[in-house]
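Thank you for sending this model for comment. The points below are meant to be read with the structure open beside them.

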Amino acid sequence: MAVNAYIKLVPSSAKQTVTIEDVKELFHEYKNNTTKTGNQIGWQYGESAFPYVIKETAEADGKWFYLHSNDDRYYAILLGVDRETIRNEEGQELEQTYIQVTLPEQSTYGDKGKANEFCKYLAKKLQGELHLFNERVMYYYPRK
């Protein structure tokens with residue numbers, strides 16, 4: 001059974017909206033950071049740290065993409081962006097953007113570990129609310 005994690009952009013997040021292109025840019029930034037770490041320690045850490053490449057299909061229609069790995073310990077991670085309507089404390093309806101991270105049935109424990117790391121990175125960069133695969137919540141935004 002597929003499992004999901006969500007990075008929700010709340011009113012005190014750094015951004016209120018995010019596009020699929022923004023998520024792709026953050027993926028490239030994350031890969032670049034891991035490569036720099038490898039250069040500092042003199043090891044090809046970038047490919048081991050996050051061994052995925054972006055794959056897109058025609059049916060995705062710019063709403064989602066997946067990260068595919070050719071390493072036999074990993075399979076794939078799906079990422080998509082959508083909006084939902086929520087009610088705030090005053091009862092007003094608000095549009096909230098979220099990033100959905102899905103692990104398909106074929107995903108491995110390695111995929112889950114890498115997806116958790118990437119989710120935490122996204123939530124920290126966007127100052128969002130992270131709903132993990134195990135349904136726990138981590139807050140990366142300034143709280144009052």
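Leaving aside its neighbours within four places in sequence, with which residues is Ser 13 in contact?

1. This is a predicted model, and the remarks that follow should be read with that in mind. As for the opening question, Ser 13 is in contact with Lys 8, Leu 126, Gln 127 and Gly 128, once its neighbours within four places in sequence are set aside. Ser 13 itself lies in the loop that runs between strand 1 and helix 1, the helix of residues 20-41.

2. The side chain of Ser 13 deserves a careful look, since one of its polar atoms lies 2.9 Å from the backbone nitrogen of Val 10, while a polar atom of that side chain also lies 2.8 Å from the backbone oxygen of Gln 127. Ser 13 counts as buried because its relative accessibility is 8%, and the cut-off for that class is under 20%.

3. Gln 127, which supplies that backbone oxygen, is placed in the loop between helix 3 (109-126) and strand 6 (129-131). Gln 127 has a positive phi, near 55°, although the residue is not a glycine. With a relative accessibility of 30%, Gln 127 counts as partly exposed.

4. A second non-glycine residue to inspect is Glu 135, whose phi is positive at about 70° and whose place is in the loop between strand 6 and strand 7. Is Glu 135 buried or exposed? Glu 135 counts as exposed because its relative accessibility is 72%, and the class begins over 50%.

5. Turning to the sheet, seven strands form an open arrangement in the order 2-3-4-5-1-6-7, with antiparallel pairing. Strand 2 (53-55) and strand 7 (137-139) are the edge strands, each of them pairing on one side only. Neighbouring strands of this sheet are turned against each other by 25° on average, with direction ignored.

6. How many bridges join strand 4 to strand 5? There are 10 bridges between strand 4 (residues 76-87) and strand 5, and these two strands run antiparallel. Within this pairing, Val 81 has Ile 99 of strand 5 as its bridge partner, and Gly 80 stands opposite Gln 100, also in strand 5. The hairpin of strand 4 and strand 5 has five residues between the strands, and in this hairpin Gly 91 takes a positive phi near 90°.

7. Strand 5 (residues 93-103) is also joined to strand 1 (residues 3-8), here by six bridges, and again the two strands run antiparallel. In this pairing Lys 8 stands opposite Tyr 98 of strand 5, and Lys 8 is also one of the residues in contact with Ser 13, a link that can be followed from the sheet into the loop discussed above.

8. Helix 1 has 22 residues and reaches 32 Å from its first C-alpha to its last, which is close to the 32 Å expected at 1.5 Å a residue. Among the buried residues of helix 1 are Ile 20, Val 23, Leu 26, Phe 27 and Tyr 30, and the buried set also includes Asp 22, Lys 24 and Lys 31. Gly 42, which follows helix 1, has a positive phi near 70°.

Terms used. Residues are numbered from 1 along each chain as its sequence is written. This is a predicted model: local features need pLDDT of at least 70, side-chain atom pairs count only at pLDDT 80 or more; totals for chains, interfaces and linings use all residues. Side-chain values use heavy atoms; hydrogens and water are left out. Two strands pair if DSSP finds at least two bridges between them. Helices (H or I, at least four residues) and strands (E, at least two) are DSSP runs, numbered from the N terminus. Axes are lines fitted to C-alpha atoms, for helices over the stretch in contact, and angles run from 0 to 180 degrees between N-to-C directions. Buried means under 20% relative accessible area, exposed over 50%, partly exposed in between (1.4 Å probe, protein chains only). A polar contact is a pair of N or O atoms within 3.5 Å; within protein, one must be able to donate a hydrogen and the other to accept it, and residues adjacent in sequence count only if both atoms are side-chain atoms. Contact means heavy atoms within 4.5 Å. The expected span of a helix is 1.5 Å times one less than its number of residues.
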